[in-house]
Structure formats: structure tokens, C-alpha cells
Amino acid sequence: MKVLVLSSLAYSLTNFRGALLRELVANGHKVVAVAPDRNDAVERELDASGIGFRQVAMERTGTNFLRDLGLLFEYVRLMLRERPDLVLAYTQKPIIYGGIAARLLCVPRFYALMSGLGHVFSEDSHARVGLRKLVSVLYREAVRRARAIFVFNRDDRADMIRFGIVTPRHNVVQVPGSGVDLERFVEAPLPRQGLRFLLIGRLMRDKGVYEFLEAAARIKADHGDCEFWVLGHYERNNPTGIDEEECARLARQYPVTFIPGCTDVRPYLEASSVFVLPSFYREGLPRTILEAMATGRAVITTDMPGCREPIVEGENGYLVEPRDAEALRAAMMRFVEEPERAATMGARARDLAEKVYDVRKVNHQLLEEMDLLQAPWRAEPEEADARQGISNAATAGLPTGPVRVQADPDTVSEPRKVAH
């Protein structure tokens with residue numbers, strides 16, 4: 001079977017979906033990956049794995065509908081050339097315009113991987129009401145005939161129904177995020193001295209960077225041996241982004257070390273004591289949280305869709321209210337006052353990563369749902385272990401995967417709201 005995978009960034013094809021693409025090839029499928037940009041390292045890695053690459057230009061953050069029609073036209077041209085049997089798209093524009101193109105050309109099978117609804121669907125984005133309505137209509141037309149829509153958290157389906165993107169009859173399947181490579185992200189000992197709090201994420205206000213800075217300043221005033229790091233790529237074109245100049249100013253004002261974004265975050269996770277992500281961005285299930293858990297790090301994050309999904313309160317981390325620097329400080333102080341929490345909760349985090357979020361198990365679930373597993377792969381030796389892990393996760397209140405979300409007319413119209 002020929003599989004066309006649509007993305008909005010070349011780097012994501014190997015960093016976030018590389019294991020999935022290789023599993024597709026291992027199961028005998030011909031895979032062609034698509035991105036709007038060129039990346040020599042990514043293309044070399046794809047080629048070494050037997051995966052084709054095609055470039056289709058896209059304005060990732062643009063909102064000009066007429067220009068986006070050009071993307072739709074290019075996707076139609078691409079599908080006419082490639083003649084895929086199945087299209088898998090992830091992130092907003094590839095799902096919307098790839099899904100519409102697949103419908104126009106009657107591609108037999110289309111799947112959408114919703115890694116998060118994004119900021120336009122956040123509760124605080126009132127200035128984007130018109131854009132939200134337009135995006136909802138486009139999403140609805142794109143996924144109208146999707147075989148399945150994969151989501152990473154339990155909130156997204158209810159909100160997609162509320163926004164009119166899907167109906168209760170759509171096949172919405174919850175999976176445990178993108179998963180994490182447990183052989184690449186190994187459990188690491190904690191630093192011997194002091195506490196180091198680490199935030200990894202795109203440098204955007206929505207990621208809770210300023211709340212982290214305020215909490216750090218309050219803690220540092222009384223506990224000078226604590227350290228605070230922020231690692232991320234500058235966001236120059238995003239309306240809530242933080243650029244180099246702003247980072248330099250913040251570094252002078254707050255006791256925080258800013259580290260430029262990199263392609264390998266493992267050394268920084270291993271050098272940290274506790275991972276912090278105070279995001280109020282509409283996440284799917286942040287990969288950084290899973291990577292921190294796999295490294296054996298306790299997590300402090302917000303009680304927001306996606307962020308709260310992998311956290312068992314008081315066991316592998318703590319949830320705080322979004323936009324609340326004082327609540328964040330209080331959660332961080334638990335580790336300052338009782339440093340042994342970092343070790344015990346970090347060990348629990350690794351245990352959950354192994355039982356629920358192993359990328360091999362997640363990819364097996366995705367391929368099984370898309371009916372892309374060849375016979376030798378259907379009965380994996382670790383299948384029993386995977387099912388046991390999922391069962392254990394369910395008893396802890398964590399997502400089980402894959403979960404086919406059933407319609408509940410008493411709840412879908414009024415999803416649980418997050419307090420701000």
C-alpha cells in the first residue's frame with residue numbers, strides 16, 4: 001500500500017513521526033513524506049529508511065485564505081502524481097487542505113492525527129472568534145469522510161463536537177500521544193547537588209514562560225542554590241512569541257538561564273531535577289512531558305487539556321492552574337522543601353512512560369487501527385505486556401489506548417471547562 005504522510009515541518013517527520021514512518025516501511029508499505037521546507041539531515045534520514053520525500057510550499061502561520069487555496073491546489077497535484085492508497089495528515093493545515101484534497105480525488109482512506117487543536121481554540125482567544133469559526137468549517141469538511149481521527153487527550157473530542165468539527169458518529173480514537181523512544185530517552189540519575197528546574201518549549205507567552213520566570217524569582221530570593229533553565233527556539237513571527245532581544249532582557253531581569261533551542265534535549269533533561277511546563281496553550285499531549293518522564297523526572301504542568309493527561313497527581317507530578325505564578329511557585333517549593341520527592345516521583349514517571357507511552361506500543365496501536373499491520377506483526381511478543389501496562393494505567397486514571405471514544409449526549413455539548 002502507498003501511504004502519503006503530510007506534515008507542516010520537515011524536522012517533525014523524523015523527530016516526532018520517524019518511528020511511525022519506519023514501522024510503516026517495516027510492514028511492507030511504500031511511504032512518501034511531505035513537508036513545506038527542505039532539511040538535508042531529515043531527507044538523508046528518510047532516504048536511509050527507504051522513505052520518499054516531497055516538498056509542498058506552505059505558510060505555516062499565515063491566515064490568508066486565498067494563499068492557502070494554493071496549498072490545496074498543490075496537494076491535489078501531488079496526490080494526482082503519487083496516487084496514494086492512504087493519506088495520513090497531522091497538524092492543522094495538512095489536515096485541512098490534505099483532507100479536502102483527498103476528498104476531491106476520492107482517495108480511498110484518509111486519517112487525521114490531531115496532535116492538538118492549537119491556540120485558536122483556546123478559551124482565551126476571543127480575538128480570534130471569526131478565525132475559529134472559519135477553521136472549524138474547514139476542519140469539518142476535511143474530516144467529514146475520515147476513516148478515523150486520532151486524538152491525544154480526552155478533551156479534544158468533546159470540544160471538536162462543540163465547535164462543529166465532528167459529530168458523535170465520527171470515529172474518534174484516543175491514543176497515548178506520539179509516544180516516546182525509551183531506548184533513546186533512558187532513565188538518568190538526578191544531579192547530586194541543588195535543584196534545577198527545567199522548562200522546554202517554544203518560546204511563547206502561551207507556554208507559561210513568564211509565569212515560570214516569576215516563580216523562579218520568588219524562589220531564588222530565599223533559596224539561592226536553586227537553578228532555573230528555559231530551553232527553546234525563538235519565535236519571531238508568532239503573535240505571542242519571544243525573540244532574541246526579549247530573551248536577553250528577561251535574562252537580565254530574572255534569575256533564569258535561557259538556552260537556545262537544539263535538536264537533542266537529552267543532556268538538559270538529564271541535568272535537570274524537575275521538569276516544568278506551565279503552558280496555557282491548547283496542547284495535544286506535549287512530547288516534552290513524555291521525554292521528561294522517560295528520563296525519570298517529576299513533572300509540574302497545568303491543569304489544561306493535553307498537559308494533564310499523563311499526570312497522576314502527587315505520584316509523578318503536580319497540576320497547577322494556568323496563568324498562576326504563585327500556584328506554580330508553591331508546587332515547585334514542594335521539591336525545594338522535600339528534595340527526595342524528585343527521586344520518588346521521577347521513578348514513578350519512568351514507570352508510567354514504560355507502561356503506557358512507549359512509542360512502539362503507540363505506533364502498533366495506530367497501525368492496527370489503520371489496518372496497516374502485516375501478519376507477522378499482528379501478534380507481537382510484547383502484546384501481553386502492552387495490554388497489562390494499559391490496564392495498569394487505567395486503574396491510575398491515565399488514558400488507555402487506543403480508546404474509541406463513545407458518544408455521550410449528556411456530556412458532549414458541555415465539556416468540562418478549565419478554570420483560569
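**Rings, charges and helices in a predicted model**

Phe 335 is a good place to start: with a relative accessible area of 0%, well under the 20% cut-off, this residue counts as buried. The model is a predicted one, and burial turns up a lot in it, with 55% of the 420 residues of the chain counting as buried. The chain is built from 16 helices and 14 strands. As for how these parts meet, 73% of the contacts with a separation of 6 or more are between residues that sit 24 or more positions apart.

Aromatic side chains come next. Searching the whole structure turns up five aromatic pairs. One of them joins Tyr 111 and Phe 150, and it counts as stacked because the ring planes are at 20° to each other, with the ring centres 6.1 Å apart. Strand S5 (residues 109–114) holds Tyr 111 and strand S6 (residues 148–151) holds Phe 150, so this pair ties together parts of the chain 39 residues apart in sequence. Both Tyr 111 and Phe 150 are buried. Phe 335, met at the start, has a ring partner too: it pairs edge-to-face with Tyr 318, at 5.7 Å centre to centre and with 65° between the planes. Here the link runs from strand S13 (residues 317–320), home of Tyr 318, to helix H12 (residues 325–337), home of Phe 335, and the two residues are 17 apart. Tyr 318 has a relative accessibility of 3%, so it also counts as buried. Elsewhere, Phe 197, Phe 212 and Phe 228 are joined by ring pairs into a cluster.

Rings also meet charged groups. Arg 17 lies over the face of Tyr 90, 4.4 Å from the centre of the ring. In much the same spirit, Arg 162 has its charged end over the ring of Phe 163, at 4.8 Å from the ring centre.

Another arginine, Arg 287, belongs to helix H11 (residues 287–294). Is Arg 287 buried or exposed? Its relative accessible area is 16%, so Arg 287 counts as buried. A polar atom of the Arg 287 side chain lies 3.5 Å from the backbone oxygen of Gly 179. Gly 179 shows up again among the contacts of Arg 287 once neighbours within four places in sequence are set aside, together with Asn 15, Phe 16 and Ser 178.

Then there are the helices themselves. Helix H5 (residues 92–104) has 13 residues, which at 1.5 Å a residue should span 18 Å, and the end C-alpha atoms are indeed 18 Å apart. H5 is mostly covered, with ten of its 13 residues buried; Lys 93, Tyr 97 and Ala 102 are among them. The partners that the buried residues of H5 pack against are strand S1 (2–6), helix H4 (65–82), strand S4 (86–90), S5 and helix H6 (129–143). Just past the end of H5, Cys 106 adopts a positive phi of about 55°.

Helix H13 (residues 340–356) passes the length check as well: its 17 residues should span 24 Å, and the 25 Å between its end C-alpha atoms agrees with that. The buried residues in H13 are Ala 342, Met 345, Gly 346, Ala 349, Arg 350, Leu 352, Ala 353 and Val 356. These residues cover an arc of only 160° around the axis, so they lie on the same side of H13. Residues three or four places apart in an α-helix point the same way, because the helix has 3.6 residues a turn.

Terms used. Residues numbered from 1 in each chain as written. Predicted model: local features only at pLDDT ≥ 70, side-chain atom pairs only at ≥ 80, totals over all residues. Heavy atoms only, no water. Phe/Tyr/Trp six-rings, centres within 6.5 Å; stacked < 30°, edge-to-face > 60°. Helix = DSSP H or I, 4+ residues; strand = E, 2+ residues; numbered from the N terminus. Buried < 20%, exposed > 50% of the residue type's maximum accessible area, 1.4 Å probe, protein only. Lys NZ or Arg CZ within 6 Å of the ring centre and 35° of its normal. Polar contact = N/O pair within 3.5 Å; in protein donor to acceptor, adjacent residues only side chain to side chain. Contact = heavy atoms within 4.5 Å. Expected span 1.5 Å × (residues − 1). Arc of directions from axis to C-beta.
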